[in-house]
Each structure stands twice: as C-alpha cells, then as structure tokens.
Amino acid sequence: MTTYKSKIGPELLIPISILLVGTGILMAYERAWLGLAVVLLVVAFITHMFVTTYYHIDNRTLKIRCGFFYDKTINIDTIEEVKKTRSAVSSPAASLDRIMIRYNKTDTVIISPGNKETFMSHLTRIN
C-alpha cells in the first residue's frame, strides 16, 4: 500500500488563513467570545480536512479520504482517464494543482496528490 498526502496549496491556504485570522482578531477585539469560539472551531475543522486528505493505492484500488465526510474507493481497473486540471470545483483536494480522474464511464473525482507525476505513474503501471 502506498499513501500520497494531498498537496496543500498556498492559493487556498493563504486566503482562508487571512479570512479566519482577521475574523478571529475582530472577535477577540470586540470581546465576542462565542464568535471567537466558532472561528476556532472552523479553524480546527479546516485544519483537520487539510491534514487528513490522502490517497491510498493498494493492489488495484484507490482509496480517497478527506476529513470526516469523504471516503471513496475506486477500482483502478475502471479508470479511463487521468489528466491535470486547475479546476476550483469542490473536491477532496487541498490545492488547485490537481488531477481529474474519470472512471466508470461518467464518474469523476478531482484530487491533489503532493507528487502528481509519481502518483499518475503509479496508477498507469496498474492500469
């Protein structure tokens, strides 16, 4: 089994950080402790999503995991196309430096492994 962590791109990390830090500072300045608690919960949730986004290749399956909510297993034999993309569509990817995988004729998923070339090569060796 090989695990590929998601790349964490500055194009997502910086704007989210600025927004949340700015909101947190404003909540603390205004002594809005409930609001600050909500901001801290959002920070914890986003951090968890970024840290737990990964892609496992095991035998002939690709397992995609992102946070609490996204857990998908794809049979690598059903993959028909793998191509680079910079699509901003919501996906289990922590960067806009992504690849799109088309499988089962019409299904797609967009992911962002840290080393795209190695990941794509690994998939290609299997299928």
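Q: Which residues line the second largest pocket, and which of the two helices, helix 1 or helix 2, supply at least two residues of that lining?
A: In this predicted model, the lining of the second largest pocket consists of Ile8, Leu13, Ile16, Ser17, Leu20, Val21, Val43, Ile46, Thr47, Phe50 and Val51. At least two of the lining residues come from each of two elements, and these are helix 1 and helix 2.

Q: How many residues in the lining of the second largest pocket are nonpolar, polar and charged?
A: The second largest pocket, with a volume of about 170 Å³, has Ser17 and Thr47 among its lining residues. Sorted by character, the lining holds 9 nonpolar residues, 2 polar ones and no charged.

Q: Which element gives the most to the lining of the largest pocket?
A: The largest pocket holds about 310 Å³ of space and is lined by 16 residues, with Leu12, Phe50, Ser91, Ala93 and Arg98 lying nearest its centre. Two or more lining residues come from helix 1, which spans 10–29, and likewise from helix 2, which spans 33–51. The element that gives the most, with 4 residues, is helix 2.

Q: How do the residues lining the largest pocket divide into nonpolar, polar and charged?
A: Among the residues that lie nearest the centre of the largest pocket are Phe50, Ser91 and Arg98. Taken over the lining, the division is 12 nonpolar, 3 polar and 1 charged.

Q: Is Val42 buried, partly exposed or exposed?
A: Val42, which lies in helix 2, joins Leu34 and Val38 in making a nonpolar surface patch of about 280 Å². Because its relative accessibility is 34%, a value between the cut-offs of 20% and 50%, Val42 counts as partly exposed.

Q: Is Met120 buried or exposed?
A: Met120 has its place in helix 3, residues 116–126, and its C-alpha atom is separated by 7.4 Å from that of Val82, although the two residues are 38 apart along the chain. Since the relative accessibility of Met120 is 17%, and the cut-off is under 20%, Met120 counts as buried.

Q: Where is Arg31 placed, and is Arg31 buried or exposed?
A: Arg31 has a phi near 55°, a positive value in a residue other than glycine, and its place is in the loop between helix 1 and helix 2. With a relative accessible area of 63%, which is over the 50% cut-off, Arg31 is therefore exposed.

Q: In which loop is Asn104 found?
A: Asn104 has a positive phi, near 50°, and is a residue other than glycine. With a relative accessible area of 38%, Asn104 is partly exposed. The loop in which Asn104 is found lies between strand 6 (98–103) and strand 7 (107–111).

Technical notes
Residues numbered from 1 in each chain as written. Predicted model: local features only at pLDDT ≥ 70, side-chain atom pairs only at ≥ 80, totals over all residues. Heavy atoms only, no water. 1 Å grid on protein atoms, 1.4 Å probe; cavity = no way out; pocket = protein on both sides within 12 Å on 5 of 7 lines; lining within 4 Å. Points joined across faces, edges and corners; volume = space filled by probe spheres on them. Nonpolar A, V, L, I, M, F, W, Y, C, P; charged D, E, K, R; others polar. Patch = residues over 30% accessible without salt bridge, like charges linked within 9 Å, V, L, I, M, F, W, Y side chains within 5 Å. Areas by Shrake-Rupley, 256 points an atom, 1.4 Å probe, with all protein chains shown as cover. Salt bridge = Lys/Arg side-chain N within 4 Å of Asp/Glu carboxyl O. Buried < 20%, exposed > 50% of the residue type's maximum accessible area, 1.4 Å probe, protein only.
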